[in-house]
Amino acid sequence: MDEFKKEAASYSTNYYEYLVSSKDNAGTVMRKVLIILAAAVILLVGGYFTLRYLPSLGVILFFLIGAGVWYLWRFVSIEYEYVIAQGEFEMEAIYGKRQRKKVMVAKIREMEIIAPAEKRYLDQAKRNEPAKTINASISIDDPSTYFCIYNDKSTGKKTMLYFSATKKAVAILKYYNPGATIVSDKLPI
């Protein structure tokens, strides 16, 4: 038995769960700035007209703007949780640490490729022409970023998913789909 199979055998191959907070990229920072600027402009313009014509509505306007910022902020504060259970890979997005949305579910053995997000593997994957790309990783440039290509049952199209992997996760993925999984030595524990 090779070293990798011994390591995989030491893990529970039925369940693994991992939570990742996405780093702020340029788009996320821009959305945060726009939310703050929009709130400031609405507060200044609305505050001027409210104080001038209906001063008693100023407090209501202030609370409405605060509620709007609170509501929108969750869409720029995203965490991803993936669960590997009984041969299935499931990904959920958690918005603002309050609301969950299922991103994908796929059978591991049906995935075409599971590999590190390195140029040589990405070039090979792009030839498969995925119709959709989902980024649920810390950052595309992070050494722990992996990708997989699977057929989305809901749309019937090939989808590429970027996710942040650990040694344990890759060992379990390799257990369920050894022919499609490529192991990297740059992974955290």
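**Notebook: helix α2, its patch and the cores**

I began with helix α2 and looked up what its buried residues (under 20% relative accessible area, 1.4 Å probe, protein chains only) pack against, and the partner is α3. The model is predicted, so I kept in mind that local features need pLDDT of at least 70 and side-chain atom pairs pLDDT 80 or more, while totals for chains, interfaces and linings use all residues. Residues are numbered from 1 along each chain as its sequence is written, and side-chain values use heavy atoms, without hydrogens and water.

I listed the buried residues of α2 as Thr28, Lys32, Ile35, Ala39, Gly46, Gly47 and Thr50.

I then checked the length of α2: its 28 residues should span 40 Å at 1.5 Å a residue (times one less than the number of residues), and the end C-alpha atoms are 40 Å apart, which agrees.

Next I looked up a nonpolar surface patch (residues with over 30% relative accessible area and no salt bridge, nonpolar side chains joined within 5 Å) of about 1000 Å², whose members include Val41, Tyr48, Phe49 and Leu64. Both α2 (26-53) and α3 (58-73) give two or more residues to this patch, and the largest share, six residues, comes from α2. Phe49, placed in helix α2, is partly exposed with a relative accessible area of 45%.

Last I turned to the largest nonpolar core (buried nonpolar residues joined through side-chain atoms within 4.5 Å), which has 27 residues, with Tyr82 and Phe163 among those with the most contacts inside it. Apart from this core lies another, of 10 residues, among them Ile113, Leu122, Phe147 and Ile149.

Definitions and conventions
Patches are made of residues with over 30% relative accessible area and no salt bridge: like charges are joined within 9 Å, nonpolar side chains (Val, Leu, Ile, Met, Phe, Trp, Tyr) within 5 Å. Accessible areas come from the Shrake-Rupley method with a 1.4 Å probe; for residues, only the protein chains shown count as cover. A salt bridge is a side-chain nitrogen of Lys or Arg within 4 Å of a carboxyl oxygen of Asp or Glu. Helices (H or I, at least four residues) and strands (E, at least two) are DSSP runs, numbered from the N terminus. Buried means under 20% relative accessible area, exposed over 50%, partly exposed in between (1.4 Å probe, protein chains only). Contact means heavy atoms within 4.5 Å.
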